[in-house]
Amino acid sequence: MKEIIGELLEKEINKLYGVSLEGVRKIIEIPADGKMGDFSLPCFQLAKQLKKNPKLIAEELKESLIEDIGSKGKEAEYINNIEAVNGYLNIFMNREIFIGKILREASGKEYGSADTGKGKTICMDYSSPNIAKNFHVGHLRTTIIGNSLYKLYSKLGYSVVRINHLGDWGTQFGKQIVAYKNWSSKEQVEEGGIAELLRVYIIFDREAEKNPALQEEARAWFAKMEQGDEEALILWKWFKEISLKEFEQVYKLLNIEFDSYYGESFYMDKVPALVEELKEKRLLEESDGAGIIKLDDYHMPPCLITKKDGSSIYHSRDIAAALYRKKTYDFSQCLYITGAEQKLHFAQIFKALEVMGYEWAKDMHHIPYGLVSMGGEKLSTRKGNVIYAEDILKEAVSLARTAIEEKNPNITEKEETAKKIGIGAVIYHDLANQLIKDVNFRWEEVLNFDGMSAPYIQYTYARAGSVLRKIGREIEEQKVNMEYLMDDTSYELVKLVSQYPEVVREAAEKYEPSILARYAYSLAVRFNKFYQECRILTAEAGYQEARAFLCKVVQKTIKDAMSLLGIECPEEM
């Protein structure tokens, strides 16, 4: 409906003033107070463009629309009244027609979907844990955010390639080999898995501060890996297999899959071709024995391509990965969901590709998120100050299971319900806040099931389902008389449902799942108000049919919104 109003206003503005104001839809507001209209156009932006009083513009638009509205077919049906108030053009809809249109659309399977991305591919690089390190809460953030963005873009018709760019190459593996050889054994690693690898890695870090020779030994082992040394590669592959097995346990809990697990090691043999290309384009310079791309003209430090010993580094592997992805997938966008601290790194990568002459470098975007700290301290694998993702998820499920035992012990599918509630709580806690905000991890906040939380929204979904089950019959749209939903409480709920497609688009365009998370909460709050104020089960026939149909539509919309966040809704709670 916002599109129809936006199109109408664009035409009217062009007719009156001879200017084209594209994107009117984006500045149209939905007033919090229904007395100010169902849609409102602030005329201040147009006033700057026309150098004219916004109040006068609103009045002129109002008079022109009222004059023209009779000849505009569908708009004449939808619009009931137009007012100009203090520089705002307020539009009131014909409630019955508006309600009917929205509920018909919202009851369909594809509500909120669009073909915006038809024929376009988006590559998304997220999760990307480091081999031989535990999957901690920081990796949980990128995984949850990336999964939601994948679902949002898929909803809008894009083909999305989910890439788990594993941190499976680099000097840290030389450190891991030295640590294993000095302080562990095959039996200990087989028994302890990643925990054992991490234990000895921490020992290495501590001992290397006292004995710098260990660092040299680690660099030598990594050089052996790059040169194809059999022993080094056998150990590296073993560490990788152990790690992937444990990572998969977390992905299974989250119900997340990937299309590609190509990590840094996959691009190692593609770096020599990159180096040759840079030499041919006279972009590779030597600095203290290392190969760099100078970025002084762009106020950035140089982009390091090869180290003194000629080995690759993550800059060069990331550039090689970008070239491979463009050639393989011909993406329209390539998104990197990583911590804000990597902002400079990706700025260098994108700029390096630009100076290499690749016009598509502008289609690459870093989606930063805030750091996760614990008690105000940055998480550090080296210091052992980490919170493991699997522990968080299992603890949340355990807490949900306890709550079910206390409040509804006879519920069916108890274990599955506890999983949906607990994991949903963790995901929602992360996605409800703007991505760029830092997170100080506190168990009591993550596992709080009250207020703005997934369990509250899931409970609302289950409540709506309970109402429909008690009615005991299928509610069909064609049998519903929309006149029974004309009261303010019902109408405000319909208006909120009408915003769903716009919310999906905005969350994707801004790379911000929090927009969707907060919408789902608002919808749950508004539905519960409707549930309290409008009788359903004991209402007269016409009212019961209409309110039950609205209940059905809201339940469907909540489920869809939560699914785009990666959260499942149980039927009972």
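A cavity, as the word is used here, is a set of grid points where a 1.4 Å probe fits but cannot get out, and a residue lines it if one of its atoms lies within 4 Å of a point. Keep in mind that this is a predicted model.

**The enclosed space**

Look through the whole structure and you'll find one cavity of 30 Å³ or more. The largest cavity holds about 120 Å³ of space. Which residues line it? They are Val137, Leu140, Arg141, Ile144, Val372, Val426, His429, Asp430, Val439, Phe441 and Val446. Sorted by class, that lining has eight nonpolar residues, one polar and two charged. Helix α7 (137-155) is one of the elements that supply at least two lining residues each, along with α17 (414-431) and β13 (439-441). Of these, α7 gives the most, with four residues.

**An open pocket**

Now for a space that is open. The second largest pocket has a volume of about 640 Å³. It is lined by 29 residues, and those closest to its centre are Lys2, Gln499, Glu502, Val503 and Arg505. Six elements, if you follow the chain along, come up here with two or more lining residues: α1 (2-17), α2 (24-27), α6 (95-106), α20 (488-498), α21 (500-509) and α22 (513-533). Helix α21 has the largest share, six residues. By class, the lining of this pocket divides into twelve nonpolar, five polar and twelve charged residues.

**Two small sheets**

Strands of a sheet pair through backbone hydrogen bonds, either parallel or antiparallel. Here are two open sheets, set out in one table.

| Strand order | Pairing | Edge strands | Average turn between neighbouring strands |
|---|---|---|---|
| β1-β3-β2 | antiparallel | β1 (39-42) and β2 (79-85) | 15 degrees |
| β6-β7-β8 | antiparallel | β6 (284-287) and β8 (303-306) | 45 degrees |

Start with the sheet ordered β1-β3-β2, which has three strands. Why is one side of β1 and of β2 left without a neighbour in the sheet? Both stand at the edges and have a single partner strand each, so nothing in the sheet sits on their other side. Strand β2 is joined to β3 (residues 88-93) by six bridges, and the two run antiparallel. In that pairing, Ala84 stands opposite Leu89 in β3. Helix α4 (residues 54-68) packs on this sheet and touches β1, β2 and β3. The direction of α4 makes about 160 degrees with that of β2.

The sheet ordered β6-β7-β8 is also open and has three strands. Its edge strands, β6 and β8, each pair on one side only. Strand β7 (residues 290-293) is joined to β8 by three bridges, and these two run antiparallel. If you want a spot to check, find Ile292: its bridge partner in β8 is Leu304.

**Rings that meet**

Last stop, the aromatic side chains. How many aromatic pairs does a search of the whole structure find? It finds 31 of them. One of these is Phe44 with Tyr88, an edge-to-face pair at 5.3 Å centre to centre, with 75 degrees between the planes. The two rings come from distant parts of the chain: Phe44 is in helix α3 (residues 44-50), while Tyr88 is in strand β3, 44 residues apart. That brings you back to β3, the strand that six bridges join to β2.

How values were computed. Residues numbered from 1 in each chain as written. Predicted model: local features only at pLDDT ≥ 70, side-chain atom pairs only at ≥ 80, totals over all residues. Heavy atoms only, no water. Pairing = 2+ DSSP bridges. Axes fitted to C-alpha atoms, helices over the stretch in contact; angles between N-to-C directions. Contact = heavy atoms within 4.5 Å. 1 Å grid on protein atoms, 1.4 Å probe; cavity = no way out; pocket = protein on both sides within 12 Å on 5 of 7 lines; lining within 4 Å. Points joined across faces, edges and corners; volume = space filled by probe spheres on them. Nonpolar A, V, L, I, M, F, W, Y, C, P; charged D, E, K, R; others polar. Phe/Tyr/Trp six-rings, centres within 6.5 Å; stacked < 30°, edge-to-face > 60°.
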